[in-house]
Amino acid sequence: MRESMTTLFTTTWAVLTVAKIWPGRFSAAAMNSHFHGAAELDGPPTETDQLCESRLGSFYVPRDEAFEEAKQSALEAAQLRALLRNLIPAASDFLAGGGAPFASFSEVDALYSDGFLMGEDEPKWFAHQILANIWNSWQRMMRFDTPAVIKGDRFSWLRDGEFARQMLAGVNPVNIELLRELPISSKLDPDVYGPPESALTKEVIERDLLEMSLEEAFEEKRLFILELYQILPFVNKMNSLPGIKTYASRTVFYLSNAGVLRPLAIELSLPPTSSSSAGSKRVFTHGQDATTQWMWKLAKAHVWPNDASIHQIVNHLLRTHVCTEPYIIAMHRQLSVMHPIYKLLYPHMRYTLAVNAFARKNLISGGGIIEASYSPGKYAMGLSSAAYKTMWRFDMDALPADLLQRGMAVQDPCMPSGVKLVIEDYPYASDGLLIWQAIKELAEAYVEHFYCEPNSVKSDLELQAWWDEILNIGHADKRNEPWWPKLHTNEDLSSILTTMIWTTSGQHAAINFGQYPFGGCPLNRPTFMRRLIPQEGEPDYEKFKLNPEEFFLSSLPTRYQASKVMATQESVSSHSPDEEYLGKPNSSGNHWTNDEDIQNLYSKFADQLEAIEKMINLRNKDIQLQNRCGAGVPPYELLHPTSGPGVTGRGIPKSVSA
């Protein structure tokens, strides 16, 4: 698994390290000779593993790919803010002997309060006033903004409806699938990982189906599953890490007659160990008594770290950051800066290499934020490598194809995008298809304008070299996969470009800029848990029954751990002042061409995005769409094209810029 990710991630940065002739003119032959001589690691091998590079102080980023002043200043300010906000929780954690859990739910609320402010009725002597001003300014700087998910309803995280709603309108709405059949079964090796059959049996699922039979639910496509069982091979390793306790999970949902998604049952699994050759599979349902209801709350809490880890490590890092690097490097190495495809793609590649360099140094490095704050810990890159090896496909980065693959849509030639949603009130997909279609129409018209002669795509040597490098060098581990699209026709090219632009703009926006609005409440979306759910007869079971609230809070990250994650999520969810949004002019404008047809294409695209904004605003006011409108329900704006700076929970930058 390590070799798969190394080829993709490490080697692409080795290319940049040796390619320091950038940003001068490019010679493909010269660059290729540099590449093939750049098999060595960026840094010297570690002492413990010769295949792993040691950590470097910095990573080379070409000057024309580096952050501009406004972006760099915003990033540095965010880092300072995160550091300062962690000082007090860190000191508290240290004084508490290495881990101070939340003592009550009100302590979580205190993360968003103004804290103690010196009152106006205090003595007005000069020195006291200076002290008061300093203290109050410090308190305001330390304060976290209330995240959107609890802004209108402080207890939304407790509700089953909100738990289910976030599968369709949260920060990771790309994992829920149609449940197609029973029994649910794993494809993992049963000799290693135990019996493949799920404990979520027909009897368990139909127990809470009050409106229809199980057969009717399957026929009407009413059953869905959040399948996070792929974590199972890592669970024993993760549970060996200090302060981490986790399960592999499956959650089954039912779409009611009212169009509301609700969870039916959760399965939490542990793989075999030396003391348990079969492992364990535990099923949790709602129940009527207090003990069962608290167990259900704990089970839901244990689902979130799996979802958060897959979201961050696979859907965000791998699919939108890492897998796009070969497109960028090949573009610079093989396409002239005056090539029309270079001109189209360049705004959608802005800052990505610089952002990835920053992430590689601070976020995904050994001992970095990801390892310290998510349940996979030091196995995070192994999980990402496994996902790249077994799951990632370029053709499935296309939104309609992804929806069809997950069973969340069916083919419908009457629809503009060619697909019809199985769940109509699926905000990510319904808004995303509008953005996808606008990008597709732009790409098709653009390609048709520049490639108007027969076989012109196939005969474009620069274009063919660009695609060949992506397949055979950038994604070398996948070079022989049959699903790679050919690049022979205008349709091939426009389809490839649409997928790339969607991935770097709409897809990234949908799964990045909601990180703080949803993850900023550690009760709503914890990134790891510290205790397993006790069973009757175990010592912790009596502690749980005696004080379930205390047990629940002690299972969550500590105050310091939570604030560290919150500060990071706030930083990556923030738009910089120089953000370039989809449909808006580039910082350099479109002055590279005076072709009126091209100018009109961009103007039409901008008009389409403005119309989509209005459509999204109307949808967010439609009381029939309960996943984006209702009491305490935040509107779905992650695919709203424009935004102001800061954490807004909206806005689609043209590129992977955060």
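**Questions about a predicted model**

Me: Happy to look at this with you! How many contacts beyond four places in sequence does the model have for residues 114-123, where pLDDT stays under 50?
Reply: pLDDT is the predictor's confidence in each residue, from 0 to 100, and over residues 114-123 it stays under 50. Contact means heavy atoms within 4.5 Å. Beyond four places in sequence, the count for this stretch is 16 contacts.

Me: Good to know. What should I keep in mind about the numbering and the values?
Reply: Residues are numbered from 1 along each chain as its sequence is written, and side-chain values use heavy atoms, with hydrogens and water left out. This is a predicted model, where local features need pLDDT of at least 70 and side-chain atom pairs count only at pLDDT 80 or more, while totals for chains, interfaces and linings use all residues.

Me: What pLDDT does the protein chain average?
Reply: Of the residues, 85% score at least 70. Over residues 1-41, though, the pLDDT is below 50. The chain average is 87.

Me: Which strands are the edge strands of the open sheet?
Reply: Strands (E, at least two residues) and helices (H or I, at least four) are DSSP runs, numbered from the N terminus, and two strands pair if DSSP finds at least two bridges between them. The open sheet has 5 strands in the order β1-β2-β3-β4-β5, with antiparallel pairing. An edge strand here pairs on one side only, and the two are β1 (176-178) and β5 (280-284).

Me: Which residue in β5 stands opposite serine 269?
Reply: Strand β4 (residues 261-270) runs antiparallel to β5, and 5 bridges join them. Opposite serine 269 stands lysine 281.

Me: At about what angle to β4 does helix α12 run?
Reply: Axes are lines fitted to C-alpha atoms, for helices over the stretch in contact, and angles run from 0 to 180 degrees between N-to-C directions. Helix α12 (residues 290-322) lies across β2 (223-228), β3, β4 and β5. Its angle to β4 is about 80°.

Me: Which peptide bond is cis, with omega near 0°?
Reply: Look in the loop between β1 and α8 (190-193), the place of proline 183. The cis bond runs from leucine 182 to proline 183.

Me: Is tyrosine 351 buried or exposed?
Reply: Tyrosine 351 is found in the loop between α14 (340-345) and α15 (352-362), and has a positive phi of about 70° although it is not a glycine. Buried means under 20% relative accessible area, exposed over 50%, and partly exposed in between (1.4 Å probe, protein chains only). With a relative accessible area of 2%, tyrosine 351 is buried.
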